[in-house]
Amino acid sequence: MNILILGSGGRESAFAWKIAQSPKCQQLFIAPGNAGTGQYGTNVDLKITDFAGIKTFVLSNNINLVLVGPEEPLVKGVHDFFLADDQLKNIPVVGPQQHAAQLEGSKDFSKQFMQKHNIPTAAYKTFTKDTLQDGLTYLATAGLPVVLKADGLAAGKGVLICLTLEEAQLELTQMLAEAKFGEASSSVVVEQFLQGIELSVFVMTDGNSYKILPEAKDYKRIGEGDTGLNTGGMGSVSPVPFADAAFMKKVEEKVIIPTIEGLKQDNIPYKGFIFIGLMNTAGEPWVIEYNCRMGDPETESVMRRIDSDFVDLLLGVAEGNLNEKELIISPKTAATVVMVAGGYPGEYLKNKVITGTENIHESIVFHAGTSADGDNVITTGGRVLAITTLQDNMFTALQQATADASRIYYDGMYFRRDIGFDLLD
């Protein structure tokens, strides 16, 4: 098979690494890819939202399957584009259609879906610019802290946890009246704050059957001890010790099955990944959010724990026979430490030469924000590299990934040295 991955981050690097191992994959292309994905396949200079360009490439390179990494092309309808085109409609796309992608593309849509199908989630109300005054009044009656979520995609920055009423009212005003997050905050979901510990659960589905992939926990804050600004993710660990069999049974019965059945009841076809952001509150799972794709940096840890043929699983999604496919999960622990650019998540340094990756032997260096500059690899993004290892136990995995990150150098480099250590007994 000839396979095309859309995307350029650490998630897509992990996909490429895993897909390249499959005997079912003849040629692998990554569009646009990064300085690291070229070792697993061929990078293609294509924008992930250039649907016409993607069509031309797919047809001229006899692509048999397209795997969509990030949410933007899904929310903009890349799957629908294929289905509506006579030349493309029989080429499977792994990733939901536009309407289903609203589970991530609209916080209000996903909250309504959860409420309708009795999926446990925090109480909420949605407000627009026209109902701002109602929103300010509502905040005065809501308990603190309170969560404000921009309805649309805001590059992971549209969620605010407000500790005081004054802060909440100021932020709601800025989001709605002053378009703090642009079009994304034309509607804002005001949500009850849930206490607990977070984890990410990933499901592959062909629209009928499903497979539960390894769960993971990621770390969003820039600073050690979970301090400072939110980021796209500073590291991840899989498995998650508190997500034992009893807890995961609750997740399956109370969240996963009602989600799959709800999509069917609402006539929403879904072929792809469902990322369920959960809060474990006193041993009960509550859904914080859905995403319509795999997470990053969780994918880097999850892919390392999948021992079966990933392409075979993707074919199961595409062909509607996922229930016949085998998912083998390693009992070992995967740990990922993300190396970021100086200044991230604010204005960050770019075009810094990376050295030392050749010194890594016990981990895989998944590239994220990198590109080739002659013989050098340089930093181009905020999250630069994801260092991922697979070891017999969590302590060894965390130590190894952290030690290997310190063997790499570029000007302004930074990484957290405490990823996962909160999970150790």
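By class, four nonpolar residues, one polar residue and five charged residues make up the lining of the largest cavity in this structure, which is a predicted model. The residues concerned are Leu103, Lys107, Ser110, Lys111, Met114, Lys149, Glu191, Ile288, Glu289 and Tyr290, and the space that they line amounts to about 40 Å³. With a threshold of 30 Å³ or more, the count comes to one cavity.

Two elements each supply at least two residues of this lining, namely helix 6 (107–116) and strand 17. Of the contributors, helix 6 gives the most, with four residues.

Strand 17 leads from the cavity to a sheet, since strand 17 also belongs to an open sheet of four strands, which follow one another in the order 11-10-16-17 with antiparallel pairing. The edges of this sheet are formed by strand 11 (210–212) and strand 17 (284–291), each of which pairs on one side only. On average, and with direction ignored, neighbouring strands of the sheet are turned by 30 degrees against each other.

At the end of the sheet where strand 11 lies, strand 10 (residues 197–205) is joined to strand 11 by three bridges, and the two run antiparallel. Here valine 203 stands opposite isoleucine 212 in strand 11. Helix 11 (residues 310–319) packs on the sheet, where this helix touches both strand 10 and strand 16 (272–281), and the direction of helix 11 makes about 70 degrees with that of strand 10.

Note on methods: Residues are numbered from 1 along each chain as its sequence is written. This is a predicted model: local features need pLDDT of at least 70, side-chain atom pairs count only at pLDDT 80 or more; totals for chains, interfaces and linings use all residues. Side-chain values use heavy atoms; hydrogens and water are left out. Two strands pair if DSSP finds at least two bridges between them. Axes are lines fitted to C-alpha atoms, for helices over the stretch in contact, and angles run from 0 to 180 degrees between N-to-C directions. Contact means heavy atoms within 4.5 Å. On a 1 Å grid over the protein atoms alone, a cavity is a set of points where a 1.4 Å probe fits but cannot get out, and a pocket is an open set with protein on both sides within 12 Å along at least five of seven lines; lining residues have an atom within 4 Å of a point. Grid points are joined across faces, edges and corners, and a volume is the space filled by probe spheres set on the points. Ala, Val, Leu, Ile, Met, Phe, Trp, Tyr, Cys and Pro count as nonpolar, Asp, Glu, Lys and Arg as charged, and the others, Gly among them, as polar.
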